[in-house]
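This report introduces a single protein to a reader who has not met it before. Please look over the sequence and the model before reading on.

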Amino acid sequence: ATFPPAQVAAMLRHRRHRAPSDHQATIREAFKAADLQGDGDGVLSFCELSRLFRQLDDSWTEKELETLFDTVDRNGDGFIRYNEFADWLEGQWEEGGKEAAQHMAALMEEKQQENAHAQKRFPRQWPVQARLICARHAKPLWWDPAQHSKGEVRDPHLSEEGEVMAKQLATRLLREEPVGFDVIICSPMARVLGTLAPLVSANRRAVKMAMCHALLCEHGSDPRDFTEEATARAWPTVFGAGAKHEVAFAGFGHQAVDDPTDTATRALAFAEWVYGQSKHWRQGAVIGIYAHQTILDCVLCILMRGGAESWEYGDPAFKIDKAAFSEFRLSENGPRIVRLNENAHLV
């Protein structure tokens, strides 16, 4: 079903009939559908609301979406919170709010069904023995929507505190891995690249090859928003002309996966790619993955449990603090956990 701009315009002119209390669950599912168009942080950005409404009807213009967003964002802070979203839908329940909420909630149900059908079992046996160290990015800057244009990709750099944390992580890993990493694979987002930079800058032997993989961008992000050229330009010592190690890129481009905004789909594609790459690793290789909590958690559910069925957004099975890491062993006998959420270096 479509949900065109004209119908919403009518809703905005009427605020008479509030939703019955027994429909709160539908409204909450509708909000969740919008939130999962982005980073799932409990508030809606302009991009998240736009993606949802264009799924409902692709005739929306940018101006119409801006008007809608500004109307629902009553306090004008650049985000739509649940109470604002619920008040908007409830306030015109009989003038289209009910139908809107039902359409949005249906998108959530469709996505869940698609994910259930798409799950594939992941192989347990690995072709080589290797150590896998998964690190989460350090603390980023606060993203203030007032300082950014609507629709801008939400990609903050590290805060001053985060830069200190990144150096502490690098020092710990260099001490534990004096021979260095065979390969480090990382997200294309600034807070991850900023966390990796101190490691590759401190010692030219720290990393033999760095690979930037677009599918590792955080939950709610779109890998199509990033390019190899922009990454190399912005981070020359990590992926550009100033790098002292081998450099490679993967997962960039519009055809990387069928649904690039779905975290489980991206995580499975990335896990399959890593498994394929492992056939080229030496025995005893040390492999690093630098990324974000949510995508790392989903990837690790696939690698360690054979699939993403047990993965649930917001309830990580493999929690990693900012600038902390976890270690795993891969072998023909399957993967195993060595240590989880190592953070003693953060002082």
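The text below moves from the whole chain to its cores and then to selected residues.

**Overall picture**

The model is predicted. The protein has 347 residues, of which 52% are buried, and its secondary structure comprises twelve helices and seven strands. About 15900 Å² of the protein is exposed, with carbon and sulfur atoms supplying 48% of that area. Of the contacts between residues at least 6 apart in sequence, 74% connect residues at least 24 apart.

**Nonpolar cores**

In soluble globular proteins, nonpolar side chains tend to be buried together. Here the largest nonpolar core contains 41 residues, and Ile185 and Trp281 have the most contacts inside it. Two or more residues come from each of strands E1, E2, E4, E5 and E6 and from helices H11 and H12. Helix H12 makes the greatest contribution, with nine residues. Another core, of 30 residues, lies apart from the largest one and includes Ala135, Leu193, Ala206 and Tyr290.

Leaving aside neighbours within four places in sequence, Ile185 is in contact with ten residues listed by name: Met211, His213, Leu216, Phe270, Trp273, Val274, Ile287, Gly288, Ile289 and Tyr290.

**An enclosed helix**

Helix H5 spans residues 82-91, and eight of its ten residues are buried, so this helix is largely enclosed by the rest of the structure. Among the buried residues of H5 are Tyr82, Phe85, Trp88 and Leu89, together with Glu84 and Glu90.

**Two buried residues**

Ser187 and Ala135 are set side by side below.

| Residue | Location | Relative accessible area |
|---|---|---|
| Ser187 | loop between strand E2 (181-186) and helix H8 (190-202) | 0% |
| Ala135 | strand E1 | 0% |

Ser187 counts as buried because its relative accessible area is 0%, against a cut-off of under 20%. A polar atom of the Ser187 side chain lies 3.1 Å from the backbone nitrogen of Met189. Not counting residues up to four places away in sequence, Ser187 touches Val192, Leu193, Cys212, His213, Leu216, Cys217, Tyr290, Ala291 and His292.

Ala135 is likewise buried, at 0% relative accessibility. Its contacts beyond four places in sequence are Leu169, Ile289, Tyr290, Ala291, Leu296, Ala324 and Phe325. The C-alpha atom of Ala135 is separated by 8.8 Å from that of Asp321, although the two residues are 186 residues apart along the chain.

Tyr290 thus appears in the contacts of Ile185, of Ser187 and of Ala135.

Key. Residues are numbered from 1 along each chain as its sequence is written. This is a predicted model: local features need pLDDT of at least 70, side-chain atom pairs count only at pLDDT 80 or more; totals for chains, interfaces and linings use all residues. Side-chain values use heavy atoms; hydrogens and water are left out. Helices (H or I, at least four residues) and strands (E, at least two) are DSSP runs, numbered from the N terminus. Buried means under 20% relative accessible area, exposed over 50%, partly exposed in between (1.4 Å probe, protein chains only). A polar contact is a pair of N or O atoms within 3.5 Å; within protein, one must be able to donate a hydrogen and the other to accept it, and residues adjacent in sequence count only if both atoms are side-chain atoms. Contact means heavy atoms within 4.5 Å. A nonpolar core is a set of buried Ala, Val, Leu, Ile, Met, Phe, Trp, Tyr and Cys residues joined through side-chain atoms within 4.5 Å. Accessible areas come from the Shrake-Rupley method with a 1.4 Å probe; for residues, only the protein chains shown count as cover.
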